[in-house]
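Please walk me through this structure, starting from a single residue and working outward. I am new to it, so a friendly explanation of each term along the way would help.

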Amino acid sequence: MRYVGGMIEPNDDTRPRDDAQSLRRDLIGKLYFELAKFPQVATTNDQFLALAFAVRDRLLHRWVESSRMYFEGKHRSVIYLSAEYLIGPQLDANLLALGLRTAARTALGELGISLDELIEHEVEPGLGNGGLGRLAACYMESLATLDIPAIGHGLRYEFGIFDQDIRDGWQVERTDRWLRNGNPWEVRRFEIEHPVGFGGVTEHTTDLHGRLEVRWVPERRVKGTPYDVPIAGYGTQTTCFLRLWSAAADEEFDLDAFQVGEYWRAVDQKIRSENLTKVLYPNDSSPAGKQLRLEQQYFFVSCALQDCIRLLLQRATIREFADKFALQLNDTHPSLAVPELMRLLIDVHRLGWDEAWDLVRRSLAYTNHTLLPEALEAWPLPLFARLLPRHLEIIYEINRRFLDEVRAKFPGDEARIRRMSLIGEDGDKQVRMAHLATVASHHINGVAELHSRLLRQTVLRDFAELWPERFTSVTNGVTPRRFMGLANPRLAALITDAIGDGWLRDLDRLAELEPLADDAAFCDRWRTVKQANKRELAEWLRKTYGLPCDPLAMLDAQCKRIHEYKRQHMNLLHAIALLERIRTGEDAGVARTIVIAGKAAPAYRAAKLVIRLAHGVADAIAADPRARDRLRVVFVPDFSVKTAQRIYPAADLSEQISTAGMEASGTGNMKFTLNGALTIGTLDGANVEIRDAVGPDHFFLFGLTAEQAIARRFGYRPWDELADSELARVIELIASGEFSPGDRTLYAPLVDDLLYRDPFLVLADFRAYADCQREVEARWRTPASWVRSSILNTARAGRYSSDRAVREYARTIWNVAPVPSRTAR
């Protein structure tokens, strides 16, 4: 340590060393001094924790240095507000970012410990549901890699996304106890607490100058305590962090109640408060569930904004808020940041309305992730008024001023006023959160070119006509460090051997692979890598779940949340058609293993029925000796980041078959493409741009376009599609009980929905899909052509790095610049 300007400053004596011997020494020290164990009695979990603590020391050193640099400078920081962060296992990711993988393997080897076993042992945090949370995690990693100051705020759910079991073909949810063995990566900040209120009343008075003063008197309060998780940049010293908020009671123990024997009441407030951050996305089908979700959303944005102001006032004034922070709303969940920031600026820091609104508008930007009306959150007005009375008053005032602006621009258009109002008047009154986020944001972006266009033309059309300059597009991206460097080390090594190092930080360099697509020797090496990945996946499926997977067959993968618009059931209709072709002696195509993975929301019965059908079809194929050597359907339980890292490198074909106009972007499509899978897909989400990038000859396109899908729904009679005799036979087999042993009623809801509603045009697109699958088979029968297309898919996918996306946000939306670390690696 040394003293500089009256402050303690670290020097080389405090910096942990990165060589194997130092890491070995530190690991043993952690066993002794953190875990009170000596090596001979240490369990696998002890070994994992000791290594993680040793790695964390190195992370924290970089993090402290980064934080100190931002504190001393006048840099604008990104504040990323997201209800989800699906960050995945951290040990291997941190070893890669810190350049410690070789040193760790050597240090552990000297102790007789397998690094691979410790990596596999780690339980990944279940802090997200799917693509939204994974995107947030990718962006935080890219922010650090690009040296952009950033803090991600979210919730520290005690129980995350459920673990998925399969019993008799049905999804069964188990509690995700991801914290049961401890989380070595987090740092609890005991000294930081922020009060968050709910309910109560507002008191309106005037000051000596006649100015309105409003005081909110909440009915109850909870405290927010942060747990920080460092996020290391790759190839840089910069380290950002997630600040995850946990709820606690304002007074955890009522001594008076305890003394008179009312033991339950003594801890009632503690239990009620802690429920706030107990579970990711509580079921909101009940009034209590709706209230808890609204409380969660307000709690985390309130904590985040109070914390931003706490940091700001250490070095600046409240009027510099927008100069210091760029706040990004990751979908509608954080939209309560709008009235909460106004409340803090007006009621707490005594700014006038116009000045406060100017700070809000210069600070906030909003990313929309969906065109589905049911996903654009709207809260019942009575619930909102009871839970957040002051915020509703602020929203009413925002709405009044906003609608005055609309009336001035579109006089006499009361229908437009009704559509744009922040308060929905159709049926029961609701607060429209997407409208609120849009009105308060200086930029609103979609997450793919098609999605952004449809956003402007449909759900936010009126707003785009009012403020066209605010709407933009930033196509999603994924981090190549996790989804290539970690997930596919064989391919990463081959690429490095071919084009040199550095491409994991500059993914556009993958284009240097293009000439090698015509190099026979390189194509052989590429094929060898893919085959090794398939064998590894097949062995893992066999050992872990007892599932069959032929590594010589085409591996046809659809891995994503189970939802009707994603059309896993169309995939299964095609699998049944293949099975029937085999049974009738017709050409059944090539040997194929169809891998499906994903979770259905606990209350989503239709999605759960699709999972049951997948298992019914899988069982029927397995029981048929004519089919099982040519065709398999494999449902992989409990899809997660860790499982995804096994499937993406092994896949030959990527199923991106959602109804056109429904998927905002998708990121699984990018991960498969980067790992050399060819895509069969519709012109939906980022598929459009992926096809443009890789070339139409290397993408299997089928189906209605978004515009055609809209037109087709008018007068659509799904049962007319049964003129297709193969499709009619498939539906007949499902309805007959062929896949539910003899139970004709099991799949009746699914069959009836397809025949009499089919809102996602499964039957309308089936023939085009089945015919396109024949094109897939023809290409597969020419291995040289398939491998060439596989190489070109990877070579032309450099655009889909999250680094590119974050640079676009930084330049066009956030107005932030990199702050390079002072010390190079």
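C523 is buried, with a relative accessible area of 10%; here buried means under 20% relative accessible area, exposed means over 50%, and partly exposed is in between, using a 1.4 Å probe and protein chains only. Before going on, please keep in mind that this is a predicted model, in which local features need pLDDT of at least 70 and side-chain atom pairs count only at pLDDT 80 or more, while totals for chains, interfaces and linings use all residues. Residues are numbered from 1 along each chain as its sequence is written, and side-chain values use heavy atoms, with hydrogens and water left out.

Let us stay with cysteines for a moment. Another one, C240, counts as buried at 1% relative accessibility. How many disulfides does the structure hold? The count is 0, where a disulfide is a pair of cysteine sulfur atoms within 2.5 Å. C240 is accordingly in no disulfide, and the nearest cysteine sulfur, that of C308, is 14 Å away.

Next, the nonpolar interior. In soluble globular proteins, nonpolar side chains tend to be buried together. A nonpolar core is taken here as a set of buried Ala, Val, Leu, Ile, Met, Phe, Trp, Tyr and Cys residues joined through side-chain atoms within 4.5 Å. The largest such core has 157 residues, and F299, F384 and W814 are the ones that touch the most other members. A second core, separate from it, has 62 residues, including V590, Y604, A618 and F702.

F384 is a good place to look around. Leaving out residues up to four places away in sequence, F384 touches L294, L336, W379, P389, H391, L392, I395, V431 and M433, a contact being heavy atoms within 4.5 Å. M433 in that list leads us to helix 16, since M433 is one of its buried residues. Helices (H or I, at least four residues) and strands (E, at least two) are DSSP runs, numbered from the N terminus. Helix 16 spans residues 433–440, and 8 of its 8 residues are buried, so this helix is largely enclosed by the rest of the structure. Besides M433, its buried residues are A434, H435, L436, A437, T438, V439 and A440.

A loop residue can be hidden too. T667 sits in the loop between strand 23 (653–656) and helix 25 (668–674), and T667 is buried, with a relative accessible area of 9%. Its contacts, not counting residues up to four places away in sequence, are L135, N476, G477 and V478.

Now for the aromatic rings. The whole structure has 18 aromatic pairs; rings of Phe, Tyr and Trp (its six-membered ring) pair if their centres lie within 6.5 Å, and planes under 30 degrees apart count as stacked, over 60 as edge-to-face and the rest as tilted. W540 and Y545 have ring centres 5.6 Å apart and planes at 90°, so this pair is edge-to-face. Of these two, W540 is buried at 14%, and Y545 is partly exposed at 33%. Elsewhere, Y80, Y139, Y809 and W814 form one aromatic cluster.

Rings can also meet charges. A charge sits over a ring if NZ of Lys or CZ of Arg is within 6 Å of the ring centre and within 35 degrees of the ring normal. The charged end of R416 sits over the ring of F410, 3.9 Å from its centre, and that of R361 sits over the ring of W467, 5.5 Å from its centre.

Finally, the salt bridges. There are 78 of them in the whole structure, each being a side-chain nitrogen of Lys or Arg within 4 Å of a carboxyl oxygen of Asp or Glu. One joins the side chains of D347 and R390, at 2.7 Å from N to O. D347 lies in helix 11 (residues 337–348) and R390 in helix 14 (residues 389–409), so the pair ties together parts that are 43 residues apart in sequence. D347 is buried at 14%, and R390 is buried at 8%.

Another salt bridge links E732 and R729, whose closest N and O atoms are 3.4 Å apart. Being 3 residues apart in helix 28, E732 and R729 are separated by about one helical turn. E732 is partly exposed at 45%, and R729 is partly exposed at 33%. Salt bridges also form a network, linking D354, E397, R400, R401, D404, R407 and E414.
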